[in-house]
Structure formats: C-alpha cells, structure tokens
Amino acid sequence: MAQATRLYRVITPTKTHLVESTTPQRAVSFIASREMKCDIPAQHEVFATAKAGVEIERLTDAPLSDETRTAVSQAGLEVA
C-alpha cells in the first residue's frame, strides 16, 4: 500500500517550492539535492576556501579526523 502524500512548502533563499512528498524531510532533501552540491575538498581547496574567510561549521561534537585536522592546521585555522 502506498504512503499518503501531502504538499510541503520548502523555502530557500532564492525560491519557494511546493513539493508533494510523504514527509517534510524528504521534501527538503529533494530540493536540496537539486540545488546544492556536497563533496570532499582536497587540502589545497580547504586552504583556499579558509583563506577566503569561510569558516568550518561543525555538525557534531566528535573529534576531527586526522585528515581534516591536517588540512585545517595547514590553512592556518585554529584546531580545537
């Protein structure tokens, strides 16, 4: 049996979307996957991005991985 759907309004900085979905999380994910990109930057990209003033936003309290800690320290950012 198919799950019931409903319309959700997903608001981004540039547009408001009406999305038919089974949950609000799926509606947001659907729009996000079309409008955003997520990848793993190379160390030189971390350095250039940090130098441009972009801060690292932490989603977790888990410790930084060794790879991230190395890239961050080479970019001259404070490592917690």
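This report walks through a few residues and strands of the structure shown above. The model is a predicted one, so treat this as a guided first look.

**The two strands**

A good place to start is the pair formed by strand 1 (residues 6-11) and strand 2, which run in the antiparallel sense and share six bridges. Four residues make up the hairpin that links strand 1 to strand 2. Across this pairing, Tyr8 faces Val19, which belongs to strand 2. Tyr8 has another partner too: the charged end of Arg6 lies over the Tyr8 ring, 5.9 Å from the ring centre. As for pairs between aromatic rings, the count is zero.

**Ser21 and Lys37**

Next, meet two residues with contrasting surroundings. Ser21 belongs to strand 2 (residues 16-21), while Lys37 lies in the loop between helix 1 (24-35) and helix 2 (43-51). Ser21 counts as buried because its relative accessibility is 7%, below the 20% cut-off. Lys37 counts as exposed because its value of 73% is over 50%.

| Residue | Relative accessibility | Class |
|---|---|---|
| Ser21 | Ser21: 7% | buried |
| Lys37 | Lys37: 73% | exposed |

What does Ser21 touch, leaving aside residues up to four places away in sequence? The contacts are Thr5, Arg6, Tyr8, Arg26 and Ala27. In addition, the Ser21 side chain reaches the backbone oxygen of Thr23 at 3.0 Å.

Finally, Lys37 can be placed relative to Val19: the two are 18 residues apart in sequence, and their C-alpha atoms are 20 Å apart in space.

Technical notes: Residues numbered from 1 in each chain as written. Predicted model: local features only at pLDDT ≥ 70, side-chain atom pairs only at ≥ 80, totals over all residues. Heavy atoms only, no water. Buried < 20%, exposed > 50% of the residue type's maximum accessible area, 1.4 Å probe, protein only. Polar contact = N/O pair within 3.5 Å; in protein donor to acceptor, adjacent residues only side chain to side chain. Contact = heavy atoms within 4.5 Å. Phe/Tyr/Trp six-rings, centres within 6.5 Å; stacked < 30°, edge-to-face > 60°. Lys NZ or Arg CZ within 6 Å of the ring centre and 35° of its normal. Pairing = 2+ DSSP bridges.
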